[in-house]
Amino acid sequence: MKEKQAAGSIVLTSIIITLAVSGIGLVFNMINPNGITLVNSSSPPLVEIAEAKQDKVREGSSGDVPAAEEIEVITLLEAKAFFERGEGFFVDARSEYKYYELHISGALSLSASKFDSRYEDFSDVIAKDALLIIYCHSITCPYSDIVARKLRGLGYTNIKVFAGGWVEWLQARYPVQGFKVDS
């Protein structure tokens, strides 16, 4: 009888530990900007959102942002052209860890997750009319759009979002810098 109680107690303890560890893992994944997507989001990628908003403006519909405040989405080739001409500032909206690991050469870090605490330093050196090219991980990453909208709301007037982001830039083997060590 005592053996059955001990076995039942071990099983119950194992279940509780498994559930607790799973819960902690899920919470960490949710708050981590680079967490794994567990549920396929039904929201369209940033390019589709931008195109839909541009269509509404063309049709005369009043979307949630007036036409004068639309943020232009640019392609890899457009981003590379700005880079080669030395025009504007590339702004990395990914986590600071990812930025320090590797980023587009010369880019500044203004992560979506630390925006409020880092904005003052950013605004001290970047003029409100400067060309800003915001990027994050890839076309499905929302951070570049978040940072672009926050900057627009704070008075920055010349913002472009490089939708393909870090993945596209890296795949094209364009210039990067950081502290990533190859193994």
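This tour proceeds through the structure one selection at a time, from the whole chain to individual side-chain pairs.

**The whole chain**

Begin with the entire protein chain displayed as a cartoon; the model is a predicted one. The chain contains 7 helices and 7 strands, and, read from the N terminus, these elements follow the order α-α-β-α-β-α-β-β-α-β-α-β-α-β. Among contacts with a separation of 6 or more, 70% join residues 24 or more positions apart.

Next, display the surface. The accessible surface of the protein chain is about 11600 Å², and carbon and sulfur atoms contribute 58% of that area. Of the 183 residues, 32% are counted as buried.

**The sheet**

Now select the strands of the open sheet. This sheet is formed by 5 strands in the order 1-6-5-2-4, with parallel pairing. At its edges are strand 1 (72-74) and strand 4 (108-109); each has a single partner strand, so one side of each has no neighbour in the sheet.

Move to strand 5 and strand 6, which pair in the parallel sense over 4 bridges. For one bridge to inspect, select Leu131, whose partner in strand 6 is Asn158. Then add helix 6 to the selection: this helix packs on the sheet and touches both strand 5 and strand 6. The direction of helix 6 makes about 150° with that of strand 5.

**The nonpolar cores**

In soluble globular proteins, nonpolar side chains tend to be buried together. Which residues touch the most other members of the largest nonpolar core? Select Phe122, Leu132, Ile134, Val147, Leu151, Tyr156 and Ile159, which hold that position in a core of 20 residues. At least two residues of this core come from each of helix 5 (115-125), strand 5 (131-135), helix 6 (143-153) and strand 6 (158-162).

Centre the view on Leu151 and show its surroundings. Beyond its neighbours within four places in sequence, Leu151 is in contact with Leu110, Phe115, Tyr119, Phe122, Leu132, Ile134, Tyr156 and Ile159. Apart from this core lies another, made up of 16 residues, including Phe82, Phe162, Trp169 and Tyr174.

**The salt bridges**

Side chains of opposite charge can pair when their charged atoms come close. The structure holds 7 salt bridges, and three of the pairs may be visited in turn.

- Select Arg85 and Glu87. Their side chains meet in a salt bridge at 2.4 Å, N to O. Glu87 is partly exposed, with 33% relative accessibility.
- Select Asp92 and Arg94. The closest N and O atoms of this salt bridge are 2.8 Å apart. Are these two residues buried or exposed? Arg94 has 4% relative accessibility and counts as buried; Asp92, at 0%, is likewise counted as buried.
- Select Glu96 and Arg118. Their side chains form a salt bridge at 2.6 Å, N to O. This pair links distant parts of the chain, since Arg118 belongs to helix 5 and Glu96 to helix 4 (residues 96-101), 22 residues apart. Arg118 is partly exposed at 34% relative accessibility, whereas Glu96 is buried, with a relative accessible area of 18%. The limit for buried is under 20% relative accessible area, so Glu96 falls within that class.

Conventions. Residues numbered from 1 in each chain as written. Predicted model: local features only at pLDDT ≥ 70, side-chain atom pairs only at ≥ 80, totals over all residues. Heavy atoms only, no water. Buried < 20%, exposed > 50% of the residue type's maximum accessible area, 1.4 Å probe, protein only. Contact = heavy atoms within 4.5 Å. Areas by Shrake-Rupley, 256 points an atom, 1.4 Å probe, with all protein chains shown as cover. Core = buried A, V, L, I, M, F, W, Y, C linked by side-chain atoms within 4.5 Å. Pairing = 2+ DSSP bridges. Axes fitted to C-alpha atoms, helices over the stretch in contact; angles between N-to-C directions. Salt bridge = Lys/Arg side-chain N within 4 Å of Asp/Glu carboxyl O.
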